[in-house]
Amino acid sequence: MEILTLNNAVVTTLNSGFFGKASYTLGEGQYRVRVSHPKFGIEVRHVQVVSGQSAEVRVRLSSGASAPLREAEPVVGEGVNAVKRLFGN
């Protein structure tokens with residue numbers, strides 16, 4: 001997860017814990033929160049931080065375009081290896 005300014009300057013990069021949660025203290029202002037995972041698409045949220053208050057951002061990641069290809073690669077590899085064994089190489 002990255003926290004960015006509205007001009008896309010990176011404020012910080014965070015890793016989520018076991019339950020997918022992360023926290024960070026920010027100064028008052030507007031930010032973008034960009035959440036990504038190699039098997040899912042990227043989600044971006046705009047956040048207004050008000051001094052003295054807490055904000056919670058919930059994100060549900062959905063499959064990205066590259067996820068099916070990553071999942072197919074081992075299956076295709078197994079099929080190719082099976083054909084090689086069948087023909088002796």
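Both Phe 18 and Phe 19 are exposed in this predicted model. These two residues also make up an aromatic pair, and the structure holds 1 such pair. The ring centres of Phe 18 and Phe 19 lie 5.0 Å apart with their planes at 85°, and the pair is therefore edge-to-face. The cut-off behind this assignment is that planes over 60 degrees apart count as edge-to-face.

**Strand pairing**

Two antiparallel pairings are described here, and each is a hairpin. Strand S1 pairs with strand S2 in the antiparallel sense, and strand S3 runs antiparallel to strand S4. The table sets out the two pairings.

| Strand pair | Bridges | Residues in the connection | Example of bridge partners |
|---|---|---|---|
| S1 and S2 | 3 bridges | 5 residues | Ile 3 and Thr 12 |
| S3 and S4 | 8 bridges | 2 residues | Arg 34 and Val 44 |

Strand S3 covers residues 29-37, while strand S4 covers residues 40-49. In the turn of the hairpin formed by S1 and S2, Asn 8 has a positive phi of about 65°.

**The setting of Thr 5**

Which loop holds Thr 5? Thr 5 is placed in the loop between strand S1, residues 2-4, and strand S2, residues 10-13. With a relative accessible area of 26%, Thr 5 is partly exposed. This class applies because the value falls between the limit for buried, under 20%, and that for exposed, over 50%.

Leaving aside residues up to four places away in sequence, Thr 5 touches Val 11 and Arg 32. Of these, Val 11 falls within the range of S2, whereas Arg 32 falls within that of S3. Thr 5 and Gln 30 are 25 residues apart along the chain, yet their C-alpha atoms are separated by 6.9 Å.

**The largest pocket**

Rolling a probe the size of a water molecule over the atoms reveals where empty space remains. The largest pocket contains about 1,000 Å³ of space. Its lining comprises 35 residues, and those closest to the centre are Met 1, Ala 22, Ser 23, Glu 56 and Val 57.

How do the lining residues of the largest pocket divide into nonpolar, polar and charged? The lining has 17 nonpolar, 13 polar and 5 charged residues. Strands S3 and S4 each supply at least two residues of this lining. The most is given by S3, with 5 residues. Strand S3 thus appears both in the pairing with S4 and in the lining of the largest pocket.

Conventions: Residues numbered from 1 in each chain as written. Predicted model: local features only at pLDDT ≥ 70, side-chain atom pairs only at ≥ 80, totals over all residues. Heavy atoms only, no water. Helix = DSSP H or I, 4+ residues; strand = E, 2+ residues; numbered from the N terminus. Buried < 20%, exposed > 50% of the residue type's maximum accessible area, 1.4 Å probe, protein only. Contact = heavy atoms within 4.5 Å. Pairing = 2+ DSSP bridges. 1 Å grid on protein atoms, 1.4 Å probe; cavity = no way out; pocket = protein on both sides within 12 Å on 5 of 7 lines; lining within 4 Å. Points joined across faces, edges and corners; volume = space filled by probe spheres on them. Nonpolar A, V, L, I, M, F, W, Y, C, P; charged D, E, K, R; others polar. Phe/Tyr/Trp six-rings, centres within 6.5 Å; stacked < 30°, edge-to-face > 60°.
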